[in-house]
Amino acid sequence: MERPEAEAGEWFYHQRLADGLYLVRERYFESGNRANVWLVQGSERDVVVDAGLGLGSLPEYLQRAGLLGGTRTRLAVATHVHFDHAGGLRHFEPGEVAVHRAEAEALACGDDLEAVTWLGDGELRRRPPGSSVGWTARRYRLQAVTPGLLLEDGDLLELGDRQLRVLHTPGHSRGSVCLHEPGAGLLFTGDTLYDGALIDWLPHSHVAQYRRSCRRLLELLDQGQVHTVLPGHFNPFGPDTMRALALDYLSRAGVCHRITSSAISCLASIALRGRHWTR
Ligand SMILES: [Zn+2]
Ligand SMILES: [Zn+2]
């Protein structure tokens, strides 16, 4: 059955969580892969954390909603380059885009294998804005963007009256980062930690690194530096849930798990190559 045009409504919707903190989601993308987009407003610069699929223009939506603009500059940071987080970077100017150094080349090449690009028609309730009648989700791919800023562990992103610190937390992917706002105790975790099944079986996933990243996040928690976690999927949560999720991963990710994850990673890689080879 033909899906209706997206122009019937905005591709995105948003909600305000606190002063200068917004959650944006893609209204017509119904999937566990739908990533959260976070907007952090500063006095001089706004930071968008993750950018969605890119089927609609995120910066245009944010501007229409009055959330971006004025004299403030903007920076779009992808917590990693998987398609559900980094696809929307293409709507920003390259100079406004930041990713971890380890995944910059994958983004610059539009590498659908590293981006694990996998979108199904059944996940979209409407055709994307501006798409032709014959558009299918299998045609979707990551658009190449040469990032203007390469992130490293410990970098500080200045927003004026607030700062975000970059934590390199590989494991889910090799360039996964979390962003931490020390003053407010906010932690943007991307796919490193969310309240759902954590994924360490994709190309460039690494179980031992994931374990180290979880321990590092637990240290941050032990120092009392996390009050609210803003994850890459599903809903925000507090320190108790964060601790339980990290400890649960550490308890499960032993030697047997490592072997299973490597095997599934090989299969995932074959499936992705098959999908993008035949397109
Ligand atoms: Zn991911
Ligand atoms: Zn994700």
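## Two zinc sites and the largest pocket

The zinc ion (ligand 1) is coordinated by four donors, His 80 (NE2), His 82 (ND1), His 172 (NE2) and Asp 191 (OD), at 2.1 to 2.3 Å. The model is predicted. Along the chain, the donors of the zinc ion (ligand 1) have the spacing H-x1-H-x89-H-x18-D. His 82 is found in the loop between strand 5 (73-77) and helix 2, and Asp 191 in the loop between strand 11 (186-190) and helix 4 (207-222), so this pair ties together parts that are 109 residues apart in sequence. Both His 82 and Asp 191 are buried.

A second zinc ion (ligand 2) lies 3.5 Å from the zinc ion (ligand 1), and Asp 191 coordinates both. The donors of the zinc ion (ligand 2) are Asp 84 (OD), His 85 (NE2), Asp 191 (OD) and His 233 (NE2), at 2.0 to 2.5 Å. Their spacing along the chain is D-H-x105-D-x41-H. His 85 belongs to helix 2 (residues 83-86), while His 233 sits in the loop between strand 12 (228-231) and helix 5 (239-252), so the two tie together parts that are 148 residues apart in sequence. His 85 and His 233 are buried.

The table sets out the geometry of the sites.

| Site | Donor distances | Donor angles | Geometry |
|---|---|---|---|
| zinc ion (ligand 1) | 2.1 to 2.3 Å | 91 to 172 degrees | irregular |
| zinc ion (ligand 2) | 2.0 to 2.5 Å | 91 to 148 degrees | irregular |

Four donors count as tetrahedral if all angles lie between 85 and 135 degrees. The angles at the zinc ion (ligand 2) run from 91 to 148 degrees, so that site does not count as tetrahedral and is classed as irregular.

The largest pocket holds about 330 Å³ of space. Its lining consists of 18 residues, and Asn 33, Val 116, Ile 199, Trp 201 and Leu 202 lie nearest the centre of the pocket. By type, the lining residues are 11 nonpolar, five polar and two charged. Helix 2 and helix 6 (255-277) each contribute at least two residues to the lining. Helix 6 gives the largest share, three residues. Helix 2 also carries His 85, a donor of the zinc ion (ligand 2).

As for the cysteines, the count of disulfides is zero. Cys 256 is in no disulfide, and the nearest cysteine sulfur, that of Cys 266, is 17 Å away. Cys 256 is exposed, with a relative accessible area of 63%. Cys 109 also counts as exposed, at 53% relative accessibility.

Note on methods:
Residues are numbered from 1 along each chain as its sequence is written. Chains are lettered from A and ligands numbered from 1 in the order in which they are written. This is a predicted model: local features need pLDDT of at least 70, side-chain atom pairs count only at pLDDT 80 or more; totals for chains, interfaces and linings use all residues. Side-chain values use heavy atoms; hydrogens and water are left out. Donors are N, O and S atoms within 2.8 Å of the metal (3.2 Å for Na, K and Ca); water is not among the atoms, so sites may look incomplete. Four donors count as tetrahedral if all angles lie between 85 and 135 degrees; four count as square planar and six as octahedral if opposite donors are over 155 degrees apart and all others between 65 and 115; anything else is irregular. Helices (H or I, at least four residues) and strands (E, at least two) are DSSP runs, numbered from the N terminus. Buried means under 20% relative accessible area, exposed over 50%, partly exposed in between (1.4 Å probe, protein chains only). On a 1 Å grid over the protein atoms alone, a cavity is a set of points where a 1.4 Å probe fits but cannot get out, and a pocket is an open set with protein on both sides within 12 Å along at least five of seven lines; lining residues have an atom within 4 Å of a point. Grid points are joined across faces, edges and corners, and a volume is the space filled by probe spheres set on the points. Ala, Val, Leu, Ile, Met, Phe, Trp, Tyr, Cys and Pro count as nonpolar, Asp, Glu, Lys and Arg as charged, and the others, Gly among them, as polar. A disulfide is a pair of cysteine sulfur atoms within 2.5 Å.
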